[in-house]
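Please look first at the sequence and the structure together, and then follow the report below, which turns from the cysteines to the nonpolar interior.

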Amino acid sequence: MNTFDKITAIITAGGVSNRFGSNKLLEPLKNGKSVIITAIEKFLPFCDEIIIPCHDDVKEHIEKFTACNKIKFAPFGETRQKSIFNGLLTCKDAGGCDIVLIHDGARPFIEPETIKETIEKLKEYKGVCVGVYATDTIKIMDETGKIIKTIDRNTVFCAQTPQGFDFETIFDAHKKLQDKNFTDDSSMLEYLGVEVYALQGTRTNKKITFREDLI
């Protein structure tokens, strides 16, 4: 089995939180820590390096509440894809790594066991996407709002993060697809014909979008 000399996490923190009303990453959780600090601390035991593409206010917040030499920062981009690529470039400049875990900073409730399982699956696959199977019935509609098709929900996998990758594989994908605008890193590998493994996650690993998501 493969072993990894260096594991890096890229935690996205460059969003503007329009639907939330303020910077949701700086909001406190019940544990007394902010969303972004909680997310970072989930990955610290598993990673040798954590790279955070973010704005200055988030960088200042992290530096104020976390003193850890594993943490590095990267410029945020105009899109999520560009922010991730900046994170990958920062990792590459530091010598690269074996595998990279890409996670939304707005998902602070990720279970440590899920992170561990993602790393384990990367011993077999170039890409791993955490998610859950749909429980609702999925409808497809046309531009007028008329329902035209019902999807078998047993085949629908709702992607979450972390998504884990062989570093060189995802770095190469980002280089090749710089002119595109993917909102999901695993779909970049799918686009290039690289197999991605679906790993069952948990429903508690929700992404904070609205204020009620903090409850």
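## Cysteines and cores

The sulfur of cysteine 158 lies 10 Å from the closest cysteine sulfur, that of cysteine 129, which is too far for a bond, because a disulfide requires the two sulfur atoms to be within 2.5 Å. Seen from the other side, the closest cysteine sulfur to that of cysteine 129 belongs to cysteine 158, again at 10 Å and too far for a bond. In this predicted model, the count of disulfides therefore comes to 0 by the 2.5 Å rule. The table sets out how accessible each of these two residues is.

| Residue | Relative accessible area | State |
|---|---|---|
| Cysteine 129 | 7% | buried |
| Cysteine 158 | 34% | partly exposed |

The next topic is the nonpolar interior. The largest nonpolar core holds 31 residues, of which Ile36, Ile40, Phe43, Ile50, Ile52, Ile62 and Leu101 touch the most other members. Two or more residues of this core come from each of the strands β1 (7-12), β2 (49-54), β4 (99-104) and β5 (127-133), and likewise from each of the helices α1 (35-43), α2 (56-65) and α4 (112-121). Among these elements, α1 gives the most to the core, with 5 residues.

Which residues does isoleucine 40 contact, once its neighbours within four places in sequence are left aside? With those neighbours set apart, isoleucine 40 is in contact with Ile11, Ile50, Ile52, Ile62 and Ile71. Apart from the largest core, there is a second, separate core of 19 residues, which includes Ile51, Ala74, Phe167 and Phe171.

Technical notes: Residues numbered from 1 in each chain as written. Predicted model: local features only at pLDDT ≥ 70, side-chain atom pairs only at ≥ 80, totals over all residues. Heavy atoms only, no water. Core = buried A, V, L, I, M, F, W, Y, C linked by side-chain atoms within 4.5 Å. Buried < 20%, exposed > 50% of the residue type's maximum accessible area, 1.4 Å probe, protein only. Helix = DSSP H or I, 4+ residues; strand = E, 2+ residues; numbered from the N terminus. Contact = heavy atoms within 4.5 Å.
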